[in-house]
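Me: I would like to learn how to read this model one feature at a time, with the general idea stated before the particular case. Could we begin with polar contacts?

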Amino acid sequence: MKKVKAKKQFGQHFLLSENVVKKIVDEVDIKEDDIVVEIGPGTGVMTQEILSRNPKKLYAVEIDQTLYPILEEKFKEYKNFELVKQDILKVNMRDFLQNSKIKLVGNLPYNVASLIIVNCVFNLDILHSCTFMIQKEVAEKLTAKPKTKDYTFLSVFIQTFFDVNYVMSVPARFFSPPPKVTSAVVKLIPNNKYNLTEIKKYKNFLSFIFNNRRKMLRTKLDEETLLKAGINPTLRAEELNVEDFIKLFEVVKNDDRKFSDEDSHS
Ligand code: SAM
């Protein structure tokens with residue numbers, strides 16, 4: 001096969017290690033009735049491994065048009081393979097839904113990895129699991145505990161809805177071209193812990209609270225509100241656990257003044 005020149009604008013770092021590919025696909029735990037969606041198949045290394053496990057259907061969503069002929073040629077024999085020629089951020093994941101929930105997998109483009117993960121929350125009800133290769137730095141945020149430097153908006157938002165398992169770190173030398181940072185594989189499984197329906201509002205609320213996360217909460221919300229939720233007003237956002245955020249959200253969620261559309265999160 002002709003060597004493919006990686007494109008920076010699409011965050012392309014192709015996996016070289018068969019072992020890493022196998023380990024990721026092992027984590028997905030594919031059964032014959034499964035609907036699998038792969039984000040960014042690239043030249044198809046992981047796609048090939050997924051198809052070897054014979055899922056009911058694999059949708060591979062790729063944005064880079066120059067890769068389409070390669071993928072189409074490589075997987076033309078597979079009736080259960082469908083190339084989706086789109087930007088994952090514009091895809092309606094519900095179009096892929098059949099009888100079983102979706103197993104989402106991908107060596108994600110790092111420039112949009114956080115956005116893709118945040119979007120998973122809005123598809124929670126149709127997802128079985130998400131197994132992603134991402135920057136290690138983002139993986140550390142996803143698994144961070146309160147009172148640590150990595151504990152951010154992303155930690156709380158994702159941990160509210162998913163159990164996050166850190167599967168393994170992957171050094172840059174396992175990719176071509178090697179990224180500047182170390183990578184990591186994480187597996188997200190919906191935890192169904194809280195019955196939160198106003199997800200967009202909750203996201204805006206967390207963005208609002210984490211904006212200047214070192215400031216005391218009483219600088220963002222009035223003391224009465226905080227005390228009603230059982231939260232000490234002198235605490236900072238980074239000191240609250242997920243349960244605290246939920247309690248606080250329950251108290252303030254009908255107060256639209258406080259958090260309209262905040263998007264400054266990391
Ligand atoms: N899965 C391949 C591998 O492991 O070798 C490629 C992984 S590479 C890190 C990321 C892939 O996602 C590339 O193929 C890139 O073109 C694709 N991609 C980037 N942005 C995308 C988007 N918004 N929607 C769909 N695919 C995207």
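Reply: A polar contact is a pair of N or O atoms within 3.5 Å; within protein, one of the two must be able to donate a hydrogen and the other to accept it, and residues adjacent in sequence count only if both atoms are side-chain atoms. In this structure, a polar atom of the N80 side chain lies 2.8 Å from the backbone oxygen of P55. This is a predicted model, in which local features need pLDDT of at least 70 and side-chain atom pairs count only at pLDDT 80 or more, while totals for chains, interfaces and linings use all residues. Residues are numbered from 1 along each chain as its sequence is written, and side-chain values use heavy atoms, with hydrogens and water left out.

Me: Where does N80 lie, and is N80 buried or exposed?

Reply: Helices (H or I, at least four residues) and strands (E, at least two) are DSSP runs numbered from the N terminus, and N80 lies in the loop between α3 (68-74) and β4 (81-84). Buried means under 20% relative accessible area, exposed over 50%, and partly exposed in between, with a 1.4 Å probe and protein chains only. N80, with a relative accessible area of 12%, is therefore buried.

Me: Which residues come nearest to the ligand, and which polar atoms of E62 and D87 lie by the ligand?

Reply: A residue is near a molecule if one of its heavy atoms lies within 4 Å of it. Of the 22 residues around the ligand, Q12, G40, E62, D87 and N107 come nearest. A polar side-chain atom of E62 lies 2.6 Å from an oxygen atom of the ligand, and an N or O atom in the side chain of D87 is 2.8 Å from a ligand nitrogen. By the Shrake-Rupley method with a 1.4 Å probe, the ligand taken alone exposes 590 Å², of which the protein buries 98%.

Me: How should I read a positive phi, and where is D29 found?

Reply: Phi of D29 is near 60 degrees, a positive value in a residue other than glycine, and D29 is placed in the loop between α1 (18-28) and β2 (35-39). Because its relative accessibility is 39%, D29 counts as partly exposed. N192 also has a positive phi, near 45 degrees; N192 is found in the loop between β9 and α7 (199-210), and with a relative accessible area of 69% N192 is exposed.

Me: Which residues does a cis peptide bond join?

Reply: The cis bond joins S176 and P177, with omega about -10 degrees, and P177 has its place in the loop between β8 (175-176) and β9 (183-190).
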